[in-house]
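Subject: The structure you asked about

Hello,

Here is the structure I promised to pass on, with my notes underneath. Have it open while you read, and turn it around as you go.

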Amino acid sequence: MQRHQSNKSREEEILRGDIVRLASTYGRYGYRRITALLRAEGWGVNHKRVERIWREEGLRVPLKQPKRGRLYLNDGTCIRLRPCFKNHVWSYDFVSDRLNNGKKIRMLTVIDEYTREVSCYTCWFFNKSR
């Protein structure tokens with residue numbers, strides 16, 4: 001049985017070290033952008049070679065973290081209060097639906113954000129039959 005043993009040159013080890021260095025410095029960059037950085041540093045490398053080394057080293061680009069909800073509007077005028085006690089912060093919304101007989105029902109739902117108690121006020125709207 002014959003097997004080919006690869007001869008890893010000193011240049012390959014230096015390139016591998018530079019790829020790992022750039023990947024750790026620029027954590028959100030993938031192998032394509034690392035290839036561009038290597039070319040800017042003077043390396044004459046192919047993107048396929050960088051991708052092969054990237055996989056062999058087990059490098060990965062981390063997933064993006066989701067943005068957190070803002071406590072302010074885009075213009076910065078209003079700060080949303082966090083509830084600290086009962087009856088401190090209330091939220092409301094209108095909800096509408098239709099009954100089986102075609103009548104429209106509309107509800108104003110009001111919720112206390114601290115205790116999560118809900119109050120509903122209903123208004124009935126009748127269809128105008130022609």
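Over the ring of which residue does the charged end of Arg33 sit? The ring belongs to Tyr29, and the charged end of Arg33 is 4.5 Å from its centre. Before you read too much into any distance, please keep in mind that this is a predicted model.

**Rings and charges**

Tyr29 has a second partner to look at. Tyr26 and Tyr29 form a stacked aromatic pair, with 4.9 Å from centre to centre and 5 degrees between the planes. The count of aromatic pairs comes to one. Tyr26 is partly exposed, with a relative accessible area of 34%, and Tyr29 is also partly exposed, at 23%. Arginine turns up over a ring elsewhere too: the charged end of Arg106 sits over the ring of Phe94, 4.9 Å from the centre of that ring.

**The overall layout**

Stepping back, the protein has three helices and three strands. Read from the N terminus, the order of the elements is α-α-α-β-β-β. Of the 130 residues in the protein, 16% are buried. If you take the contacts between residues at least 6 apart in sequence, 32% of them join residues at least 24 apart.

**Helix H1**

Helix H1 covers residues 10-25. Its 16 residues should span 22 Å at 1.5 Å a residue, and the end C-alpha atoms are 23 Å apart, so the two values agree. Which residues of H1 are buried? They are Glu12, Leu15, Arg16, Asp18, Ile19, Leu22 and Ala23. These buried residues cover an arc of only 165 degrees around the axis, which means that they sit on the same side of H1. Arg10, Ser24 and Thr25 are exposed on the other side of the helix. What covers the buried residues of H1 includes helix H2 (31-40) and helix H3 (47-56).

Asp18 may catch your eye, as a charged residue in helix H1. Why does Asp18 count as buried? Its relative accessibility is 16%, and the cut-off for buried is under 20%, so Asp18 falls below it. Leaving out residues up to four places away in sequence, Asp18 touches Leu38, Glu41 and Trp43.

**Helix H3 and the loop after it**

In H3, the buried residues are Val50, Ile53 and Trp54. Seen down the axis of H3, they fall within an arc of 105 degrees, so they line one face of the helix. That buried set packs against H1 and H2. Lys48 and Arg55 are exposed, on the face of H3 turned away from its buried side.

Moving on along the chain, Glu57 lies in the loop between H3 and E1. Is Glu57 buried or partly exposed? Glu57 is partly exposed, with a relative accessible area of 36%. Setting aside neighbours within four places in sequence, Glu57 is in contact with Arg16 and Val20. The C-alpha atoms of Glu57 and Ile19 are separated by 9.3 Å, although these residues are 38 apart along the chain. Gly58, which follows H3, has a positive phi near 75 degrees.

**The strands E1 and E2**

How many bridges join strand E1 to strand E2? There are nine, and the strands, residues 90-98 for E1 and residues 104-112 for E2, run antiparallel. One pairing to find on your screen is that of Ser96, whose bridge partner in E2 is Arg106. The hairpin of E1 and E2 has five residues between the strands, and Gly102 in this hairpin takes a positive phi near 95 degrees.

Val110 is another residue to look for, in strand E2. Val110 is buried, with a relative accessible area of 16%. Its C-alpha atom and that of Asp93 are separated by 6.7 Å, with the two positions 17 residues apart along the chain count.

That is what I have for now. Do write back if you would like to go through any part of it together.

Best wishes

How values were computed
Residues numbered from 1 in each chain as written. Predicted model: local features only at pLDDT ≥ 70, side-chain atom pairs only at ≥ 80, totals over all residues. Heavy atoms only, no water. Phe/Tyr/Trp six-rings, centres within 6.5 Å; stacked < 30°, edge-to-face > 60°. Buried < 20%, exposed > 50% of the residue type's maximum accessible area, 1.4 Å probe, protein only. Lys NZ or Arg CZ within 6 Å of the ring centre and 35° of its normal. Helix = DSSP H or I, 4+ residues; strand = E, 2+ residues; numbered from the N terminus. Expected span 1.5 Å × (residues − 1). Arc of directions from axis to C-beta. Contact = heavy atoms within 4.5 Å. Pairing = 2+ DSSP bridges.
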